Amino acid sequence: MTVTSPDTTAVGGRPVVPSRGKLRPLGQDEVRITGGFWRERQDVNAARTIPHARSWMDRLGWTGAFTAPDAASADRRGREFTDSEVYKLLEAMSWEAGRGVGAPDALEAQIAELTTAIAAAQAADGYLHTAFGRAGQRARYSDLAWGHELYCTGHLLQAAVAKARTGGDGADPLLAVARRAADHVCEAFGPDDAPGVCGHPEIELGLVELFRLTGERRYLDQAALFVERRGHRTLPPHHFGWSYFSDDQPVRQSAVLHGHAVRALYLAAGAVDVAVETGDDDLLRTVAAQFDRALARRTYLTGGMGSRHSDEAFGDDFVLPADRAYSETCAGVAAIMLAWRLLLATGDGRYGEVVERILYNVVATAIADDGRSFFYAHTLHQRTPTAALPRDEEQLGFGGGPRAPWFEVSCCLPNAARLLAGLSCYLVTVDDTGLRLHQYVDSEISTHLDDGREVGLRVRTGLPDNGVVTVRVTKTDGRPWSITLRVPQWAAGAELVTTRGRRRVSSGDIVVYRAFAVGEEIRLELPTRPRFTAPDPRIDATRGCVAVERGPLVYCAEALGDDDLDTLRVDDTVPPVDVEAGVEVRARFDAPGPDGWPYGSPGAATADPRPTTPLTLVPYHRWARRGPSTMRVWLPTT
Ligand code: FUB
Ligand code: ZN
């Protein structure tokens, strides 16, 4: 355990500050992303996505709900959870201001303006939600299943913590609003009150982090109470089942993540936070086992989670249809939040690889190059061409289709925005002997070890295009310490080059421990040659197919216009190779079967195969960027 007591004074920008765990996270003040793939995305997020989200929230009355005269009436616009989007946007703005590039003053002004509006909407007893409790509205907590009141409060608390840790202080006005709201929740849902839970977990995460920031124990106790209260079916029945609300089974009794994916993942992340702060190692192990099983049986190749459109839920084990993948962007963000907490608590580097997979294949896929449209769901097989959508129309259907400027349910964009703005917090940690690098991103790192020594690194990489990673020591005092590098599973044949020579390294954590000199370099060479990947045979939907991966990236076949990829077959005896435009495989398009009845004798459709020709695949995160297209990740073999 690195740290042992709540750090009530920690204001360095980082979203999660556990008081114990194997690893200590570094903050924005200690890790700066300086260039490359992720810096580009951070800059687009700052310049385009955050303003885009703000303008839609203004236009649709989501921000106005806090101030407009009709906020207090039944005329309020938007779904019950739109307050949470404003809070997530505030969180994104806070991390963005904390990143210290661009125009932090303009962001601070917006944060102040929104905070004033939010504070004005708060009731005298701390209750805060724009859809309930006022004249013409439904009564507070009259619809715990669908009302999202505590869910929204959870996002408010996370936003306030972000603000306080990025230049705010104990007297920050948003923090004051959050504390009043949290106090109100503790009053209304305390141990002696009716055993209510919210239909959407999230409050647990906010309460624990607020405890970590303020040291106020009742917030942690309340979060622990919410975790224990789940699973007792106190919410009303619904045709989605209680699993939709994560209320079908106590957290401690569940073997795998199930039900609505985002709800389940937020709850699991909150339960990890509670377990860490209360020293409940049984709970920690239980949640880790649930996540591990979900990763082993309920996760797409991209790291996406959720295979049911109807209730946005995990499917049963191995139910992972490519063309019905739901894989909501929010589920990706939530899975990163959970993996990160488990990484910090357990020190198990596997979780770093999970974060990497989701970052490159879900988060990077979600947002358009101009930052102004996004995928809500992430199919792995688009059969009909995606359509170009009008720039100024809100989309009502959110379960699929192309990147859209806005959806009626737009939880995903501000979620991705807050993650991207604070991304530098998810790269590096401190362990007992030194620094651990979990993600390779161009960055400058400057921090102190647990014994107080100042150390610094400069990381440069060509990832995801090429896997050369250079780590240069920029600060050290001449005494020994360790740099631990994650060698990904995908990097078979990786080599480490240090001042002592070159050697092969296998996947896992490589510890380089010595008295480094300033300027000394470590080079990690991660082979990124393209490879075929086969699915577990229990995934019926993709049996007989292969996918292509290269480094951390999943690739896909994409056809522009009306061309379809239905009859595509790939020769998996010929290894994929790098070409200028992507990765090339040998493939053929079989003649389509006869019209009228899509079944016949086995083998008839391929009796007279055409010769194979080269086919170029592109990174999955690039799909649907060049215009309407069809696409598939899983490729039937010849
Ligand atoms: O209910 C709020 C958000 O809307 C959920 O997290 C998403 O899955 C979407 O349903
Ligand atoms: Zn979402």
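Select the zinc ion (ligand 2) to start: its four donor atoms make angles of 97 to 121° among them, so the site is tetrahedral. Keep in mind along the way that this is a predicted model.

**Stop 1: around the zinc**

Now show the side chains that hold the ion. The protein donors are Glu-328 through OE, and Cys-330, Cys-411 and Cys-412 through SG, lying 2.1 to 2.3 Å from the zinc ion (ligand 2). Read along the chain, the donors of this ion follow the spacing E-x1-C-x80-C-C. Colour the neighbouring elements and pick out two of the donors. Glu-328 sits in the loop between helix H9 (281-297) and helix H10 (329-346), while Cys-411 sits in the loop between strand S5 (406-407) and helix H12 (412-421), so the pair ties together parts that are 83 residues apart in sequence. Switch on a surface and ask of Glu-328 and Cys-411: buried or exposed? Both Glu-328 and Cys-411 are buried.

**Stop 2: Arg-341 in helix H10**

Stay with helix H10 and select Arg-341, which lies in it. Arg-341 has a relative accessible area of 5%, and because buried means under 20%, this arginine counts as buried. Which side chain does the side chain of Arg-341 meet in a polar contact? The partner is Asp-273, at 3.0 Å. To see the rest of the surroundings, display Val-16, Gln-158, Leu-205, Ala-269 and Val-272 along with Asp-273; Arg-341 touches each of these, with residues up to four places away in sequence not counted.

**Stop 3: Thr-130 in a loop**

Next, go to the loop between helix H3 (104-121) and helix H4 (149-165), where you will find Thr-130. Although Thr-130 is in a loop, its relative accessibility is 0%, so it counts as buried. Add the side chain of Asp-83 to the view: a polar contact of 2.7 Å joins it to the side chain of Thr-130. If you would like a distance to draw across the model, try Thr-130 to Ala-404: they are 274 residues apart along the chain, and their C-alpha atoms are separated by 26 Å.

**Stop 4: strand S18 and its partners**

Change to a cartoon view and highlight strand S18, residues 553-560. How many of its eight residues are buried? Seven are, which leaves the strand mostly covered.

Begin with strand S17 (residues 545-550), which pairs with S18 in the antiparallel sense over two bridges. Zoom in on Arg-550, whose bridge partner in S18 is Leu-553. S17 and S18 form a hairpin with two residues between them, and Gly-551 in the turn has a positive phi of about 55°.

Then bring in strand S22 (residues 613-619), which also pairs antiparallel with S18, over two bridges. Here Cys-556 stands opposite Val-618 in S22.

Finish this stop at strand S23 (residues 629-632), which is antiparallel to S18 and pairs with it over four bridges. Select Ala-559 and you will see Thr-630 of S23 opposite.

**Stop 5: step back**

Zoom out to the whole chain, which contains 12 helices and 24 strands. Its radius of gyration is 25 Å, close to the 26 Å that the globule rule gives for 638 residues, so the chain is as compact as a globular protein of that length. Along the principal axes, the C-alpha atoms fill a box of roughly 75 × 70 × 45 Å. Colour by accessibility, and buried residues make up 61% of the 638 residues. As for contacts with a separation of 6 or more, 69% are between residues 24 or more positions apart.

Note on methods:
Residues are numbered from 1 along each chain as its sequence is written. Chains are lettered from A and ligands numbered from 1 in the order in which they are written. This is a predicted model: local features need pLDDT of at least 70, side-chain atom pairs count only at pLDDT 80 or more; totals for chains, interfaces and linings use all residues. Side-chain values use heavy atoms; hydrogens and water are left out. Buried means under 20% relative accessible area, exposed over 50%, partly exposed in between (1.4 Å probe, protein chains only). A polar contact is a pair of N or O atoms within 3.5 Å; within protein, one must be able to donate a hydrogen and the other to accept it, and residues adjacent in sequence count only if both atoms are side-chain atoms. Donors are N, O and S atoms within 2.8 Å of the metal (3.2 Å for Na, K and Ca); water is not among the atoms, so sites may look incomplete. Four donors count as tetrahedral if all angles lie between 85 and 135 degrees; four count as square planar and six as octahedral if opposite donors are over 155 degrees apart and all others between 65 and 115; anything else is irregular. Two strands pair if DSSP finds at least two bridges between them. The radius of gyration is taken over C-alpha atoms; the globule rule is 2.2 Å times the number of residues to the power 0.38. Contact means heavy atoms within 4.5 Å.
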